[in-house]
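Student: I would like a close look at a single part of this model, the annotated binding site. Please take it residue by residue where possible.

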Amino acid sequence: MGKIVRHMWSFTHVDKEPVIVLVTGAAGQIGYALVPMIARGLMLGPDQPVILHMLDIEPAAEALEGVKMELIDAAFPLLKGVVATTDVVEACMNVNIAVMVGGFPRKEGMERKDVMSKNVAIYKAQASALEQHAAADCKVLVVANPANTNALILKEFAPSIPEKNITCLTRLDHNRALGQISERLNVPVSEVKNVIVWGNHSSTQYPDANHATIITSNGDKSVRELVADDNWLKTEFQSIVQQRGAAIIKARKLSSALSAASAICDHMRDWVHGTSTGTWVSMGVCSDGSYGIEPGLIYSFPVSCQNGKWSIVQGLKIDEFSRAKMDATAKELIEEKSTAYTCLELEK
């Protein structure tokens, strides 16, 4: 009987079409940590074949070829093809998911606006290539800093990609917040849910535990009540999450590539496959005016995901402390937007 069932299954089983995933800056630290996670199914699931398109700049071409060799050597069953290129058009061809890790890093002595002008040029060019060559329903995740504003530039120059399909990464900050609460309360991180990271992926971000809960055998319990220390939640908790990247660089002498790559997979997996009922995550998305945030800004909100679409969680009570923090990070994003548009004018 078992043989018959297996034989029938072989006729009815149809392999899924591969999803084409672009990773820019793929020879860098985050890229190197990320591409094996994608190839192993951590982003899109254990039964979803993928084709990887890896893009990097000309000076990194040899290193990129080395990454391709390693992907081939790893013999990932889900990996149906690898393209390693320095040509942005080839990289963007027919991609279904674009993870924009590549960008110009801030170097010592550089003003934020100097970094902005470099990244505006990069994201303008990459947006045009995605606009012309990516799949019509391409989902875009911007990682390179300043992530929110890079996503805004990409949105401006890829008008045919729906604005709901352009997001930026704040899931790393969200996961860091989950981790800190898990450590503080000595509970498994899987039992912590519904923290929020509001605003910019910068030191002005607002990690908010007011609505977070711990899953217990007696139902969900408020994190705020269990911590029983509002001062910690308003001070140390926030500064640890905000400054975690710098702390890791100080400890490792390298940036937080592993946790960033993991957060990228989390962001995209939840977006594609959906969040659990009653659970939300933080994503940098285009504001529709919710919670009084200027429409059009790419701002981190609590979102739930279903059927490949995200929606901002509505109706959360915002206290005076939270309102001030949310407005402060929005103000920074408005200033960044103004600087970016000035850079675009200078480019003309």
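Student: In which helix is Asn119 found?

Tutor: The model is predicted, and what follows is computed from it except where a record is named. Asn119 is found in helix 5, which covers residues 112–133. UniProt, in an unreviewed entry, lists Asn119 under "binding site". The same annotation includes Gly25, Ala26, Ala27, Gly28, Gln29, Ile30 and Gly31, and also Asp56, Val143, Ala144 and Asn145.

Asn119 has 0% relative accessibility and therefore counts as buried, the cut-off being under 20%. Leaving aside neighbours within four places in sequence, Asn119 is in contact with Gly103, Phe104, Asn145, Pro146 and Asn150. One of these contacts, Asn145, is itself on the UniProt list.

Ala27 is another listed residue. Ala27 lies in the loop between strand 1 (19–24) and helix 2 (29–40). Its relative accessibility is 23%, so Ala27 counts as partly exposed, a class that runs from the 20% cut-off for buried to the 50% cut-off for exposed. Not counting residues up to four places away in sequence, Ala27 touches Asp56, Ala60, Ala63, Leu64 and Val67. Among these, Asp56 also appears in the UniProt annotation.

To sum up the two residues: Asn119 is buried in helix 5, whereas Ala27 is a partly exposed loop residue. Each has a contact that is also listed by UniProt, Asn145 for Asn119 and Asp56 for Ala27.

Methods
Residues are numbered from 1 along each chain as its sequence is written. This is a predicted model: local features need pLDDT of at least 70, side-chain atom pairs count only at pLDDT 80 or more; totals for chains, interfaces and linings use all residues. Side-chain values use heavy atoms; hydrogens and water are left out. UniProt positions are given in the numbering used here, feature names are shortened, and annotations may be inferred rather than shown by experiment. Helices (H or I, at least four residues) and strands (E, at least two) are DSSP runs, numbered from the N terminus. Buried means under 20% relative accessible area, exposed over 50%, partly exposed in between (1.4 Å probe, protein chains only). Contact means heavy atoms within 4.5 Å.
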